[in-house]
Amino acid sequence: MATEADALPRWDLESVFPGVDSPEFAAALHEASKALDELDTLFDAHGVDQRVPAPPDDDTVRAVEEVIDRYNAVLRMIRRLEGYLFCLVEADTRDEQVQAAFAELQQRRVPLTRLAARFTAWTGSLDVEALIERSEVTREHADPLRRTKLAAAHLMSPAEEALTAELGPSGGAAWGRMRHDLAARLTARIELDGEERELPLTEIANLAYHPDRDVRRRAHEAGLTAWRSQAVPLTAALNGVKGETQTLTRRRNWSDPLDAALFANHVDRSTLEALLGAIQEALPDYQRYLRAKARLLGLEVLAWYDQSAPVGAGRAWPFADAAAFITERFGDFSPKLAALAKRAVGEHWIDAGPREGKGGGGFCAEVGSGESRILLNYAPVYDWMSALAHELGHAYHAAVMGKHGRTPLQDPSPGPVTLAETASTFCETLIYRAALAQAGEAEELALLDGGLQAVAFNVFYTAFLFAFEREIFAARQRRDLSVDELDSLMTEAQRDVFGDALDPQTFNPLTWARAPHFFLEDLWFYNFPYAFGMLFGQGLWVRREADPVPFATTFDDLLASTGMAEAATLAGTFDIDLHSVDFWRSSFDGFRADVDRFEALAAQYVTAGGAANEDRSS
């Protein structure tokens, strides 16, 4: 029987490669492997990993220029292959042929990881500033080279780095893949409309938006049961990934994994402390929103599964309507942004619907030449329209990078996730404000709820996920952690954020299993960047409202430079001081105003005896 999800668009990957068994893919893989071998030979010829006398002579300048050019070419080839295979794997984790091709590429990538360490060590010995003065190529790569020189101080010995590269695919990366495959194949049984059904967790998760509280509760419990069934292997995976990270960051002379994560994200502890301080200050306002929503739903206190309950008379957002609205509103800001959205829909960049075997959540992946593909698990609600705008923002960011001809070294991957979230969260804000501006009072309540949830998931959820990860690293220094210990650390972290505004009996102790970011071997603390991105995007929105005419051009310049300067430097072009808690505090001004308005509208509904939605059962 056809479902609504079946009618949602699927992406076209054949324009990238016809398939993993196609001659085109085989040729591209062969070309990349050959180019990688040639790069290895070039590194040997130029003594890349040996100390270079300072100041650089003409031969050194030419060697650096050639190495940068060839290194970028190889990175570009590998990224295209990885982006394509990643999309295929996420679309159907059960496709063993694709899984095999992805595993093969990861193994072929090992020599590139070794070469990256050699390049870093070599750059660390160079007089980078003298090179920048003498060469246009190095001037164009000035910030990446400076950062690489700093990173050189955190390398192990060449033999240790080479061994780490070879062990990578069977170490942390393997644990991460195991978690991904288990999660994508999980299903849960639930009774809907009198029928017992077995659904993928992506569809179970979308039942959080159901108006019937009992359905939400049963979906929540079914999801917990499914995750609980895999808690033992997932605990082993988390211990494995965090243990490897801790060992390697210590051996690379980082004081702790957080310092390494801050460096990778182009921010410092002062910025992080200002950000976290502002979040802590805003917790009472977040809890105020949760209490207002409880009153609106006729509840003494919200349960975990009530957070996304529909309120007001919110309209449905079928995918086609959402895409049309986003494209039109993007056009109000920038014709180029609207053209990107139109192209993404028209050229089938988007795989929208949930289905068994498909990865959860959503993402945007570049597949070459500034072109992207977007995965969603769409439901016709505001939150998923917001997610579509978010991912289209990522696609626009990639397109701007491509238009400016940024090289892989100028646009590192994984790069500064803090700044990578700039366009996406700005686009979320743009769509949210546009929807609010045309809403009637009943719809306004629903939109406010959706916008406040977006901030909650990006910012306040970050607070407890960040606190949990810090506790994991601290505890993991002593020994492996048990399932019960992970559950306990997670619920305590949630208690610090939700206080008594959410029923503690319904906290989600298995959020650690559901959050794929905890299992990434090369992107730890992949949580605070989302809060950074959301609040930085809010701050940029305030700048745009104050002076909209030049903003779009300056905004594109910012996006084109996100891998080429520190976050504080780029923010300075908008007169933003990331080290000041005042900036982050001001980024909550719109959120606080929305909470005030939500409270007022909720009080009107409650006083008038109006139902928040169709179901008020307990």
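What share of the contacts in the chain with a separation of 6 or more is accounted for by residues 24 or more positions apart? The share is 78%, where contact means that heavy atoms lie within 4.5 Å.

This is a predicted model, in which local features need pLDDT of at least 70 and side-chain atom pairs count only at pLDDT 80 or more, while totals for chains, interfaces and linings use all residues. Residues are numbered from 1 along each chain as its sequence is written, and side-chain values use heavy atoms, with hydrogens and water left out.

## The chain as a whole

The chain contains 28 helices and five strands; these are DSSP runs numbered from the N terminus, with helices being H or I runs of at least four residues and strands E runs of at least two. Along its principal axes, the C-alpha trace spans about 80 × 50 × 50 Å. The radius of gyration of the chain is 24 Å, which agrees with the value near 25 Å that a compact globule of 618 residues would have; the radius is taken over C-alpha atoms, and the globule rule is 2.2 Å times the number of residues to the power 0.38.

Of the 618 residues, 57% count as buried, a term that means under 20% relative accessible area, whereas exposed means over 50% and partly exposed lies in between (1.4 Å probe, protein chains only). The chain exposes about 25,200 Å², and carbon and sulfur atoms supply 51% of this area, as computed by the Shrake-Rupley method with a 1.4 Å probe.

## The nonpolar cores

In soluble globular proteins, nonpolar side chains tend to be buried together. A nonpolar core is here a set of buried Ala, Val, Leu, Ile, Met, Phe, Trp, Tyr and Cys residues joined through side-chain atoms within 4.5 Å. The largest one in this chain has 149 residues, and Y286, F330, W512 and F536 are among those with the most contacts inside it. Helix α21, residues 441-476, gives the most to this core, with 18 residues. A second, separate core of 51 residues includes Y71, I78, L81 and V128.

Leaving aside neighbours within four places in sequence, W512 is in contact with residues including A231, L234, F468, M490 and F519.

## An enclosed helix and three single residues

Helix α14, residues 257-264, is largely enclosed by the rest of the structure, because six of its eight residues are buried. Those buried residues are P257, L258, D259, A260, A261 and L262, and they pack against α13 (231-251), α15 (269-296), α21 and α24 (528-546).

The table sets out three residues from other helices, with contacts that leave aside neighbours up to four places away in sequence.

| Residue | Helix | Relative accessible area | Contacts |
|---|---|---|---|
| E161 | α9 | 7%, buried | A117, H154, L155, M156, R252 |
| T429 | α20 | 3%, buried | Q538, W541 |
| R470 | α21 | 38%, partly exposed | L258, R269, F525 |

R470 also links back to the enclosed helix, since it is in contact with L258, which is one of the buried residues of α14. Between R470 and P257 the C-alpha to C-alpha distance is 9.0 Å, although the two are 213 residues apart in sequence.
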